[in-house]
There are 2 protein chains.
Amino acid sequence: MSPSTDLRPNEETVALAAPNDASLRFIGHIETPWNNRADCPRQGHRDGPECRLVLHPVWAAALNGLADYPVIEVLYWLDRSRRDLLTQSPKHNGETVGTFALRSPVRPNPIGTSLVRLIGINGHIVRVRSLDCLNGTPLLDIKPNRCDFTPQALPK
Amino acid sequence: MSPSTDLRPNEETVALAAPNDASLRFIGHIETPWNNRADCPRQGHRDGPECRLVLHPVWAAALNGLADYPVIEVLYWLDRSRRDLLTQSPKHNGETVGTFALRSPVRPNPIGTSLVRLIGINGHIVRVRSLDCLNGTPLLDIKPNRCDFTPQALPK
């Protein structure tokens, strides 16, 4: 699927050179029940269906200790999004606002961030709840939730 | 400054090909009071010093509407971090854990995420509080905080 080139009323684009300031390395992919954009929830729900973060097996050891955190932050690459919109007119209300005032997948660097509930870890596979992205979305990073992250050796 | 190649006890690396799965486009840079890693706070403080997100002027219109949000999420590129550590032994306690169980800047895709307090916006410059990154850090994205983001047209 290639990025959409349709524009809604009042949306503005910017002419940009190809992005090449830094490069990403996908660490795996995400399995969700949603295979089309129309099926994805607008935001993840606390009690949403189980999804799987499937890491390349080489990264399995990097998950050591993650099971201690009930909530984790997941970063992923919204690979089907156009990247040149300055302003957007979301379908649900037609108002036009700047790209950085929206959590839309359409942005200059289409990185999604979600806080999800950790269910369990089996080898290089992490089971979670409350994602909202498409099945097959490339995975970029996993971190403990910043609120829960108070290393034991530091005063709370 | 080039990425450090030092390893602490028990840290493991992984042999990786060059990253080239997707490319980032820096949208500006961040100005903070901290010019050395040793000076950076370990995490941002609610009442920390004022910092500035300086966007390339071409993105100014993409900030329209952002001023409505008291807390915003900022994504940035930790350009001085090595990317091949599977496990890490943080200095403060010497225990060894997986990279994905830490919020360390050292990770396969060194993207930092912070929730910061918005002070004000002047043209293409966004003034914020509670960042913890180095002066000059490349800026990737700005989004409204997910908790505050309930579009007016949707039921709360």
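How many helices and strands does chain A have? I started my notes here, keeping in mind that this is a predicted model.

**Entry 1: the fold of chain A**

I looked up the secondary structure and found zero helices and nine strands in chain A. Reading along the sequence, I wrote the pattern down as β-β-β-β-β-β-β-β-β. I then checked the extent of the C-alpha trace of chain A, which spans about 50 × 35 × 35 Å along its principal axes.

Next I asked what share of the contacts in chain A links residues 24 or more positions apart. Among contacts with a separation of 6 or more, that share is 77%.

**Entry 2: inside and outside**

I looked up burial next. Chain A has 156 residues, and 49% of them are buried. For the outside, I noted an accessible surface of about 7200 Å² for chain A. Carbon and sulfur atoms supply 49% of that surface.

I also tallied the charges. There are 18 positive and 16 negative side chains in chain A. The centres of these two sets lie 3 Å apart.

**Entry 3: how the two chains are related**

What turn lays chain A on chain B? I found a turn of 180°, with a shift of 0.0 Å along the axis and an RMSD of 0.0 Å. That is the relation of a two-fold axis. I wanted a landmark for the axis, so to speak, and in chain A the C-alpha nearest to it belongs to Ser23(A), at 2.3 Å. The same surface serves both copies, as 100% of the contact residues of chain A recur in chain B.

**Entry 4: the cysteines**

My last check was for disulfides, and over all chains the structure holds zero. Why is Cys40(B) without a bond to Cys133(B)? The sulfur of Cys133(B) is the closest cysteine sulfur to that of Cys40(B), but the gap is 7.0 Å, which is too far for a bond. A disulfide needs the two sulfur atoms within 2.5 Å.

I then turned to Cys133(B), which is in no disulfide either. The cysteine sulfur nearest to that of Cys133(B) is in Cys51(B), 6.8 Å away.

Are Cys40(B) and Cys133(B) buried or exposed? Cys40(B) is buried, with a relative accessible area of 19%; the cut-off for buried is under 20%. Cys133(B) is buried too, with a relative accessible area of 3%.

How values were computed
Residues numbered from 1 in each chain as written. Chains lettered and ligands numbered in written order. Predicted model: local features only at pLDDT ≥ 70, side-chain atom pairs only at ≥ 80, totals over all residues. Heavy atoms only, no water. Buried < 20%, exposed > 50% of the residue type's maximum accessible area, 1.4 Å probe, protein only. Least-squares fit on C-alpha atoms with pLDDT ≥ 70 in both. Contact = heavy atoms within 4.5 Å. Helix = DSSP H or I, 4+ residues; strand = E, 2+ residues; numbered from the N terminus. Areas by Shrake-Rupley, 256 points an atom, 1.4 Å probe, with all protein chains shown as cover. Lys, Arg positive; Asp, Glu negative; His and termini not counted. Charge placed at Lys NZ, Arg CZ, Asp CG, Glu CD.
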